[in-house]
Protein chains: 2
Amino acid sequence: MRLLLVEDDERVAAALVAVLGRHGFQVRHARSGHEALDALVPDGNEPYRVVLLDLGLPDRDGFEVCSRIRAGSGVPVIMVTARADIRSRIHGLNLGADDYITKPYDMGELLARIHAVARRGAAPAAVAVPAPDTVPQQRGPLESRGIVIDRERRRVSVDGRDVPLTRKEFDLLALLAQSPGVVYRREQIFSEVWRSGWEGNGRTLEVHIGSLRTKLALPGLVEAVRGVGYRLIPECPAAADTPPPARAER
Amino acid sequence: MRLLLVEDDERVAAALVAVLGRHGFQVRHARSGHEALDALVPDGNEPYRVVLLDLGLPDRDGFEVCSRIRAGSGVPVIMVTARADIRSRIHGLNLGADDYITKPYDMGELLARIHAVARRGAAPAAVAVPAPDTVPQQRGPLESRGIVIDRERRRVSVDGRDVPLTRKEFDLLALLAQSPGVVYRREQIFSEVWRSGWEGNGRTLEVHIGSLRTKLALPGLVEAVRGVGYRLIPECPAAADTPPPARAER
DNA sequence: AGCCGATCTGAGCGGAACTTGAGGATCACG
DNA sequence: CGTGATCCTCAAGTTCCGCTCAGATCGGCT
């Protein structure tokens with residue numbers, strides 16, 4: 001059974017490869033998110049049954065790697081990370097990860113969880129992963145049609161014009177901008193932007209969405225999806241075809 | 001989405017039912033392992049998408065309940081328990097559980113994990129089949145004869161042409177497209193697309209089917225099965241028997 | 001403490017989505 | 001070929017949901 005291990009720490013990786021190898025896994029070790037996405041491009045070899053993804057990657061955000069994997073493939077993903085906070089857990093799982101384990105973990109449990117997701121993940125390998133370069137954008141600062149979102153500085157600019165946002169407004173925008181076009185359900189938004197398990201009683205979400213729209217001065221950027229949630233309109237509103245997942249060819 | 005909650009503590013169960021209900025789940029509460037196994041016998045109703053299994057049951061060992069469930073069904077199981085020791089975790093996962101969460105847990109994380117295993121879960125029609133490796137629900141966009149259904153983006157395109165759908169229309173199409181060729185009974189459609197058991201009084205379903213056909217501009221794609229329900233015509237209209245997924249029983 | 005911005009709540013409005021009902025078309029079956 | 005049941009379409013209601021505004025509450029800062 002082939003595994004893809006995404007981990008930048010050589011020592012940790014070597015230990016894992018050894019243990020997993022003894023348990024009958026054939027492990028490919030990727031040292032960066034870029035390498036991982038490369039490795040997932042179908043190449044005629046046996047596809048990976050599970051991806052072990054460390055969040056503390058050097059070149060790009062581990063969450064981003066996860067959502068990119070998800071954009072093009074149904075391969076099961078287990079996040080293995082030192083980040084134990086609830087926010088990160090929920091975020092990772094909502095991004096499409098199948099499991100989330102925090103370091104330090106028990107090796108036996110990791111093995112059991114790998115087997116658990118592998119059982120489920122007999123996913124047909126018909127879905128192709130887009131070449132990593134075909135989906136540009138979204139590196140350090142998120143950028144989409146003139147809007148630049150700097151997560152570290154928590155600043156947003158539209159066409160070079162700086163737009164001051166409050167905390168909630170920024171978190172909201174950053175969440176939606178993570179995957180433009182994807183519809184985020186209300187409950188999901190609440191669990192990621194607000195403290196988890198909290199359900200908005202009143203018109204809280206609408207108000208923040210409203211002020212976000214006003215400040216950005218881009219009506220139509222944030223679109224409401226009735227009865228479900230909200231989403232960001234991606235690059236071209238009209239010809240929004242053939243976006244992320246490359247058409248699967250047999 | 002129907003859940004089966006197996007929990008003997010009434011207070012805990014009541015709280016969970018309330019919260020899960022507010023998040024759009026239809027929860028059946030079983031107070032014992034025996035009751036849980038009874039509830040899982042296929043009865044023509046919509047099958048359970050996920051089972052939340054407490055290990056601290058009175059009548060029999062929770063582990064045994066889990067393996068019995070596994071023996072007869074591929075329904076995803078999440079163990080929710082106070083037993084945090086490694087031994088139990090590994091045992092539970094190896095018995096076929098899809099996830100294992102220890103009390104006290106964060107409600108947001110529980111919800112995220114429920115969604116995670118439900119995403120992965122077997123197609124509803126396949127639940128009655130004893131085979132452990134049931135057909136997994138397809139992950140990426142569903143595609144069938146030029147129709148692409150992107151569940152994440154809630155968008156549908158026909159031959160590249162984007163078709164805006166309302167909530168009910170989209171849910172309806174997504175349900176039928178889950179297993180092209182399989183006939184979905186009216187009651188089943190109602191319980192899946194409309195929350196809670198509610199029988200459509202008027203011509204509600206027909207109207208939505210109608211507008212769906214109109215918008216897709218593909219008459220004949222959605223076929224009415226007199227006295228039963230509706231289905232999607234699979235790839236080749238001729239050999240409409242033995243489609244890819246599991247066969248509907250009865 | 002007092003100020004000020006950020007966040008939350010409630011009411012009202014408008015429009016989209018949903019439901020209902022009636023009449024016509026179609027199908028299964030005798 | 002007739003008949004009843006079922007399904008489809010059209011055109012109303014009716015409900016639901018998101019938007020906005022205004023006021024209340026919270027929380028950080030001086």
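**Strand pairing, helix packing and DNA surroundings in a predicted model**

In chain B, strand 11 (residues 222-225) and strand 12 are joined by four bridges and pair in the antiparallel sense. Within this pairing, Glu223(B) has Arg231(B) of strand 12 as its bridge partner. The two strands make a hairpin, with three residues between them. One residue of the turn, Gly227(B), has a positive phi of about 75°. It is worth saying at the outset that the model described here is a predicted one.

Strand 12 of chain B, which spans residues 229-232, also pairs with strand 10 (residues 184-185) of chain B. Here the strands run antiparallel and are joined by two bridges. Arg185(B) is found opposite Gly229(B) of strand 12 in this pairing.

Turning to chain A, strands 10, 12 and 11 form an open sheet of three strands in the order 10-12-11, with antiparallel pairing. Strand 10 (184-185) and strand 11 (222-225) of chain A each have a single partner strand and stand at the edges, so one side of each has no neighbour in the sheet. Two bridges connect strand 10 of chain A with strand 12 (residues 229-232) of chain A, again in the antiparallel sense. In this pairing, Gly229(A) of strand 12 is the bridge partner of Arg185(A). A helix accompanies the sheet: helix 6 (residues 167-178) of chain A lies across strand 10, strand 11 and strand 12 of chain A. Helix 6 of chain A runs at about 70° to strand 12 of chain A.

Elsewhere in chain A, helix 2 (residues 33-40) packs with helix 3 (residues 62-72) at an angle of about 15°, and their axes are 10 Å apart. Helix 2 and helix 3 of chain A are therefore roughly parallel to each other. Their crossing is right-handed. Helix 2 of chain A makes this contact through Gly33(A), Ala36(A), Leu37(A) and Leu40(A), while helix 3 of chain A contributes Gly62(A), Val65(A), Arg68(A) and Ile69(A). By class, five residues of the contact are nonpolar, two are polar and one is charged.

Between the two protein chains, 31 residues of chain B are in contact with 35 residues of chain A. On the side of chain B that touches chain A, helix 4 (86-94) and helix 5 (107-120) of chain B each supply at least two residues. Helix 5 of chain B gives the most to this side, with eight residues. The class make-up of the side of chain B that touches chain A is ten nonpolar, six polar and 15 charged residues.

Both DNA strands have residues of chains A and B among their closest neighbours. Around DNA strand C there are 25 residues, of which Thr166(A), Gly202(A), Thr166(B), Lys168(B) and Gly202(B) come nearest. Helix 6 and helix 8 of chain A, along with helix 6 (167-178) and helix 8 of chain B, give two or more residues to the surface near DNA strand C. This surface has four nonpolar, eleven polar and ten charged residues.

DNA strand D is surrounded by 18 residues, and the closest are Arg203(A), Gly210(A), Ala224(A), Gly210(B) and Ala224(B). Helix 8 (204-216) of chain A and helix 8 (204-216) of chain B each supply at least two residues of the surface near DNA strand D. By class, the surface near DNA strand D has six nonpolar, four polar and eight charged residues.

How values were computed
Residues numbered from 1 in each chain as written. Chains lettered and ligands numbered in written order. Predicted model: local features only at pLDDT ≥ 70, side-chain atom pairs only at ≥ 80, totals over all residues. Pairing = 2+ DSSP bridges. Axes fitted to C-alpha atoms, helices over the stretch in contact; angles between N-to-C directions. Parallel < 35°, antiparallel > 145°, perpendicular 65-115°, else oblique. Left-handed = near helix turned anticlockwise from the far one by under 90°. Contact = placed C-beta atoms within 7 Å. Nonpolar A, V, L, I, M, F, W, Y, C, P; charged D, E, K, R; others polar. Near = placed C-beta within 6 Å.
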